[in-house]
Amino acid sequence: MSQILKQKRQVAINPARLCAPIGAIMGAMGVHGAISIVHGSQGCATYPRHQMARHFREPIEVATTSLTERTTVYGGRENLLEAIKNVYTRCHPSMIVVMSTCLSETIGDDIPGIILDFEELNPDVEVPIISVKTPSYVGTHITGLDNFLTEIVTRLPEKGEANDKLNIIPGWVSPGDIREIKAMLRKMEVAPLFLTDYSDPLDGGVYLQKPPHPKGGTSVEELIDSANSTGVIALQRQVGGKAAETLGKRFEMPSEILPMPIGVENTDRFLQTVSEMTGKSVSEELEDERARLLDAIVDAHMFMTGLKVAVFGDPDNVSGLVRLCAEMGLEPRYALTSFDSEEWGIELLGVAEEMNMDLEILVKSDLHELHEKIKEDPVDILIGNSKGKFIAEKEGIPLVRTGFPIEDRFGYQRMAVVGYRGGINLVGEIVNSYLDNGTKGGKDVVSNTLLESLEAEDAGSR
Ligand code: SF4
């Protein structure tokens, strides 16, 4: 029987989480020309930049107020005023996003107040200056992005003439995922407005003349115009769900918070919702993609049926992956997130009961906990980000890499897992990781599975 467990240990060992400013920086990178200022010590800007650059393989430009012992004692007001001025005059941004850190929150700097002072002192500065609360002792990296999105929809949208766009809040996905969502909407002739679109800034090209700001991203004008769209869909409850509700309430537009469109059922729900909101029908091309995903799942069954799997990562990703695994005939045994949300656990429990799983849901937990569980009751496959490689190596099981960060492999920021085509990618990754592990001298079940299926085929043809 499935159950929810919350880690009681006060110390985290091998945490599956990152620090909150990373999320706000990621959201800001989705706004064309926006510049982030991290109000804290230098490390609070260096760590997110380092972590993001290793995953996205792109330069991540972030300013810092560089607090020292003196400013820690007396407050960082002067540093922040100077940083905003410098960023404005040197970088010509379209928007400035100031994010707090553990340090600036603990010393009690009033960032919104300092921004108001700056605006009074510099009335000629006309770009929006947004403040986002991102102390890392409250929540995780996804909290940072969620807070950023809530702040954006509270501050920027303005009622005007209706447009025929559909607001999409993708949450924490990859640039490849955003491109796949765009492709699906194009096939339905729906024009999206992304809050925010970090696909090109975080997966850009090489240009002989470097543009002053990374190409792509949602413009500030589009964010203002998001008040006039047909509706809003959030693709993750924990990242952007609040923003979708806020936008819906403020501008009386239909809003939906959906499960992340990973796998057949969740992608069906996404496309049906788009169709209902816009009146556009699901195209034949998308129906063909669906049929190919179903075919991939059917083909994968002979390798996957009955194998146990553990999934960890960000809550909405984990829920989507657990459902896809069940659709493939795998038996999800553990689902772990470091995020603290009982609501998420209860929702996933509902999925587990609906699909008859024996699933342990670990909330606010760490990878040490997951490893201990796997030692007691082993699994055949582990799915999550690069942080799971130590468990995979010790236990001799394959790690299917997905989520953030993936720093020990190349190009995963371009891989889509959403939509039918993303589902096909994932099914291939899961099956091939398992087959590959078997041939490397892991468990000998692969050869047995193949042998049995070949024997069955032989018997059928005789
Ligand atoms: S002090 Fe806090 S905000 Fe700064 S890097 Fe560490 S966890 Fe992140």
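Here are some questions and answers about this predicted model.

Residues are numbered from 1 along each chain as its sequence is written, and side-chain values use heavy atoms, with hydrogens and water left out. Because the model is predicted, local features need pLDDT of at least 70 and side-chain atom pairs count only at pLDDT 80 or more, while totals for chains, interfaces and linings use all residues.

Q: What pLDDT does the protein chain average?
A: pLDDT is the predictor's confidence in each residue, from 0 to 100. In this chain 95% of the residues score at least 70. The average for the protein chain is 94.

Q: Over which residues does pLDDT stay under 50?
A: Look for a stretch with few numbers to lean on: the model gives it 4 contacts beyond four places in sequence. Contact here means heavy atoms within 4.5 Å. The stretch is residues 439-444.

Q: How do the residues of the shell around the ligand divide into nonpolar, polar and charged?
A: A residue is near the ligand if one of its heavy atoms lies within 4 Å of it, and the residues around it are Cys19, Pro21, Cys44, Tyr47, Thr101, Cys102 and Ser136. For the sorting, Ala, Val, Leu, Ile, Met, Phe, Trp, Tyr, Cys and Pro count as nonpolar, Asp, Glu, Lys and Arg as charged, and the others, Gly among them, as polar. The shell comes out as 5 nonpolar, 2 polar and no charged.

Q: Is Cys19 buried or exposed?
A: Cys19 is one of the residues around the ligand. Buried means under 20% relative accessible area, exposed over 50%, and partly exposed in between (1.4 Å probe, protein chains only). Cys19 has 16% relative accessibility, so it counts as buried.

Q: How many disulfides does the structure hold?
A: A disulfide needs a pair of cysteine sulfur atoms within 2.5 Å. Cysteines do turn up here, including Cys325, which is buried with a relative accessible area of 1%. Still, the disulfide count is 0.

Q: Which residues do ring pairs link into a cluster?
A: Rings of Phe, Tyr and Trp (its six-membered ring) pair if their centres lie within 6.5 Å; planes under 30 degrees apart count as stacked, over 60 as edge-to-face and the rest as tilted. A search of the whole structure finds 2 aromatic pairs. The cluster they form is Phe56, Trp172 and Phe404.

Q: Why is the pair of Trp172 and Phe404 called tilted?
A: A pair of aromatic rings is described by the distance of the centres and the angle of the planes. Here the centres are 5.1 Å apart, and the pair is tilted because the planes sit at 55°.

Q: How many residues apart in sequence are the parts that Trp172 and Phe404 tie together?
A: Trp172 lies in the loop between strand 6 (165-169) and helix 8 (175-187), and Phe404 in the loop between strand 14 (399-401) and helix 17 (419-439). Helices (H or I, at least four residues) and strands (E, at least two) are DSSP runs, numbered from the N terminus. Both Trp172 and Phe404 are buried. The parts they tie together are apart in sequence by 232 residues.

Q: To which residue is Phe404 joined by a cis peptide bond?
A: The bond has omega near 0°. The partner lies in the loop between strand 14 and helix 17. That partner is Pro405.

Q: Which residue does a cis peptide bond join to Leu195?
A: Omega is about -5° for this bond. The partner's place is in the loop between strand 7 (191-194) and helix 9 (220-225). The residue is Thr196.

Q: Is Glu252 buried or exposed?
A: Glu252 has a positive phi of about 50° although it is not a glycine. Glu252 lies in the loop between helix 10 (241-251) and strand 9 (255-257). With 75% relative accessibility, Glu252 counts as exposed.

Q: What is the relative accessible area of Ile169?
A: Ile169 is found in strand 6. Beyond four places in sequence, Ile169 touches residues including Leu149, Leu195, Val232 and Ala244. Ile169 is buried, and its relative accessible area is 0%.
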